[in-house]
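Visitor: I've got the model up and a few terms I'd like explained. Can you take me through them?

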Amino acid sequence: MSKKNLKRLDLIFKNENDGEVILVKTMARPTHDLINDLIISGLKGRGGAGYPTGLKWKLASEAEGDMKYVICNADEGEPGTFKDREILTQVPHKVLIGMAVCAKIIGAHEGYIYLRGEYKFLLPSLNEMIDDFHVLMNKIGFDFRVKIFLGSGAYICGEESALFESMEGYRGEPRNKPPYPTNSGYRKMPTVINNVETLAHTYSIFKYGPEKFKDLGVQDSRGSKVFSVSGDTPNPGIYELEFGMSVKKFVDDFGDGDAKAVQVGGASGFCVPRKKFDKTKIGYQGKLTGVSLPTGGSMMIFNSSRSMYNVLHNYLDFFVEESCGQCTPCRVGTQQLLLGIEAVKKGERSSEYLDRLLGLAENMRVTAKCGLGQSVANSFSSIVENFKEEMIY
Amino acid sequence: MTEMKNLVKSLADNYGRYHESLLPILQGVVEKKRFLSEEAMVEVAREIDISAAHVFGTASFYSFLNTSPMGEYVVRVCKTITCMMHGKNLIIQELEKQLKIKLGETSHDGKFTLLETNCLGQCHKGPAMLINDTPYTNLTPDKVRDIIQSLKQNDLVSNAATQVN
Amino acid sequence: MNNINLTIDHIEVSVQPETTLLEAAKKLKIKIPTLCYHEDLCVAGNCRVCVVEQVGADRLLPSCATPVSEGMEILTNSLKVRNARKSVIDLLVSEHRADCTRCYKSEGCELQHLSSEYLIGEDSFIDLVPLKEYTIDYFSPSIIKDDSKCIRCQRCVRTCDQLQDIGALTVAYKGEEMKVSSFFEKPMYEVVCTNCGQCVNRCPTGALIERNYIDEVWTAINNPKKHLVVQTAPAVRVALGEALGMEAGLVVTGKMVAALRRLGFDSVLDTDFTADLTIIEEGNELLQRLKGALVDKNPDVNLPMTTSCSPGWIKYIEHMYPEMLPNVSTAKSPQQMFGALVKTYYANKIKVEPENIVSVSVMPCTAKKYEANRPEMHASGYKDVDLVLTTRELAKMIQQAGIDFEALENEEFDSFMGTSSGAAVIFGATGGVMEAALRTAYEVVTGREVPFDGLNITPVRGMEEVKEATIKIEDTLPEWSFLEGAELKTCVAHGLANAKKVMDKVRSGEASYHFIEVMACPGGCLGGGGQPIPTNAEIRAQRSKAIYEEDAGKPIRKSHDNPEVIKLYEEFLKEPLGHKSHELLHTSYVERNRY
């Protein structure tokens, strides 16, 4: 049995049937109060990038546009992440109400849920929920409609501008930034795009007030977070935990007693080796130093029987296929990293070639067009640097 | 009008003839036909009035919008890390045995296509696979055998039913 | 709006908001290398070669896609930038079949230049090319598409979309499999492609090149049994110099003629001659259609009439507006009129059997290669034009022959079929055919010259996307009295995206014209797909200027004054639109699929 030393929270998954009451109460409040609440709460985007939600809504509310849109990003594709599916299964009404409040604040009348194709089986239940939601919208007299847009199997469409391209009927290729979605998003109009979990959190913030949310977590990382736990663990699944825990505490709780590494944030996240479990905390603190890791919530545990070469190989395989292919560093860089570690493993290139590849990964990080190409270096460098022997022998 | 023309036309009637209608229309064709033939793409291009090349370019971007023929049941086994750690290869071996095809192939009777796919978002219940839109999780070779047998059985039953009718 | 102030490489610069870092750097004469960027196209920001460093920022910025902001400190050549850029170039080289010594594009390849500039050495990344299947599509008579040399910059895709609005090329698949593709990866000759070659003009590598016929021409030249006839299009002479190291905008007609003789052509003739002839045929066709519509009220007469000189335009309308094919002038293009005459009238004149004539043309165009191969183009009983070279191929042959082009003395075209008017010269620029036709048609109808200063019909000149001009016809000659007071409405479009705008308006009835000139390429033939690379608005403007200078300096300015054309009618054709003309100089079109 695991030692349950991390406190389980249930802000998100608590089944609350007071949607209408909360919505009516919230909609009656002035817009700037609501934005303020979000800012005070410290809520940051739960998809992994961690942009302050209150600020995002504020910018969109100030932006000019003939139309504005609220989009729920349910293109959950990061390996090791499955929390959004669970949220959409258990508490979709919280997400919809979060969207409605956002629509009120920014002045939108249309909302979309971009649902990844792999979750198509959720359609019947979600559509039923949306029908109920529309009844509620009519009842409270708010002109807001939500539709589901179904993806078709492309990880990159989780990148917000790629997602817009996809909705507009194009290849899901990320756009140049600026402009940002709050000014020019879906149909080039001001758009708020939030992760499923982020929207669900706004429900709790509007219901319980920002302080209760802010009381959880540490410093820049406030509130609770839904973690997707998988890998070598006796207890895989979804857990809502407080931000700021150390990887050590997490592993003590969820590991199988033999954990040698934890991959935080999926294939595009960081690998934390056993010797750094203690000093690595989960959260958005300051700059990305490797001692504090932001995450979309994917926690994959690897025990000592696992080859980190195989793990990295699997990640790179994933990126080689899922890169949209438009920018050079990502399209070609991912292929070179994959072939490179294979060549070193086979002895076709010397171990020094790994340094060359680390340099390439760093160049990809600074030159790639979007988050995908930029974050390949995260897993690559953290695995290669911490498990160099496994890469060579 | 050909059957495909009719299908695409009715999808366009439903989803509109805008560039934004492209994905829903293509998804609709795939749902009915399991893949996008050359004829299908030309018809979609005609309905929306965009270049057929762009229909192809867009379709080929998305893993689920197949541009080559697929079986009635498309089996997609997750190959991403945790499913791999939990025995994805054994699952594929069993599927290959049951379906008498290799990865990437379609069975002779056109019933099954066996593919690998990237993360299905079922990592806590790996190994996992999708058959058409339905996820199957916590797979074991035994379980796979049962699933495939029951799909084959279903077909026999529905075929028999059609014959009786 | 206030200017934005920033520094680039520690130099202060003040620019308009919305200016990109690349443009701001250009203002300071700082050259940032680019690949996917092209002045004619929208910004893609794909290749990441143009990245620069913003002091204080962690990640680099693509200078082509990043607007300036106040107080930015930009470094274009810091170590971080150099390392990143070198890495990007190295990656591109690793997916490119760097077979440079065998490549047609060698020395003209932008990747090769960058690779050399950044000292990409032997110690490179793993060569990806042998690990992949790739296709080389050499089935088209115009364009060769070699995927192994493609660096996925998508310039070609944007060209086909934005300038031509065709979408023959697309980006297909994703990740490592991502590639530039036609519909279903079919050969280019099977898909909706006009062979215009604008993609070829903008491809930075050898992934898209013209199919060259240089060796075939050399073989023919060295065959003593063959009489080699060459014709050169109007736009070639204002651009050939560029491909031979001279500056843009020089007229090199005389040197070109001299070079062609040195290469060994037996008859050095001028497509401009048949450009004049085209005006006579097409102008008369227009007047006949006007008469049919206005006097005879014949419902079968189709107006507006469009020009037919541009083979890219012809294939485009065959695909995209097949129902409007009756509106296209049946007059062949000058190249094909020339070809049909060379193996009939000219062969007879020089007493050479037509089967012993090899008819070569030098064109600014890749679509002309396709046009010469159309099955209809055998009016003489032989293939009317045997081999078509682009301006670039001619330049290559001149280099191969070791000719010091700049040092050549000017020479004159041979006669017969070597004399032309200024009206023919301007065929090479957008609006030129319209202007030439109006110079003739107006005079035919009224007996007077067009009422424009110096015969310069300026409303149809210039690089505006779509130009319209209305000419009022007054005091007609008696036989044209039905046109008295009529307003001849004309329209000129260049680049097929603009042609599409015009044709959609015509089709919907929103616009009504009598005569429309369409050239498939931006700027007209001077911006053709077979012209020297690079091309951009400035270069096209210089070529255009050269064309109008040449026109202004010509002793004959109007097609119907060309004495050789007059003689041709007397000796051979008898009358415009006559029996012989119909047989040799007019053609029909084919309906093709739009999708």
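Guide: Sure, starting with pairing: two strands pair if DSSP finds at least two bridges between them. Keep in mind that this is a predicted model.

Visitor: So what makes β14(C) and β15(C) a pair?

Guide: Strand β14 of chain C, residues 357-363, and β15(C) are joined over four bridges, in the parallel sense. At least two bridges are needed, so they count as paired. In β15(C), Leu389(C) is the bridge partner of Val362(C).

Visitor: Why is the crossover from β14(C) to β15(C) called right-handed?

Guide: From β14(C) the chain passes through helix α12 of chain C, residues 367-372, and on to β15(C). With the strands pointing away from you, a clockwise path from the first strand over the helix to the second is what earns the name. This β-α-β crossover is right-handed, so its path runs clockwise in that view.

Visitor: Which way do the residues of β15(C) point, and are they buried or exposed?

Guide: Leu387(C) and Leu389(C) point one way, Val388(C) and Thr390(C) the other, and all are buried. Buried takes 20 or more other C-beta atoms within 10 Å of a residue's own, so each of these residues reaches that count.

Visitor: How do you know that domain 2 of chain C touches domain 3 of chain C?

Guide: Nine residues of domain 2 are in contact with eight of domain 3 in chain C. Contact means C-beta atoms within 7 Å, so those residues meet that cut-off. On the domain 2 side, four are nonpolar, four polar and one charged. The centres of these two domains of chain C, taken over C-alpha atoms, are 28 Å apart.

Methods:
Residues numbered from 1 in each chain as written. Chains lettered and ligands numbered in written order. Predicted model: local features only at pLDDT ≥ 70, side-chain atom pairs only at ≥ 80, totals over all residues. Buried ≥ 20, exposed ≤ 12 C-beta atoms within 10 Å, placed from the backbone. Domains from an automatic or database assignment. Contact = placed C-beta atoms within 7 Å. Nonpolar A, V, L, I, M, F, W, Y, C, P; charged D, E, K, R; others polar.
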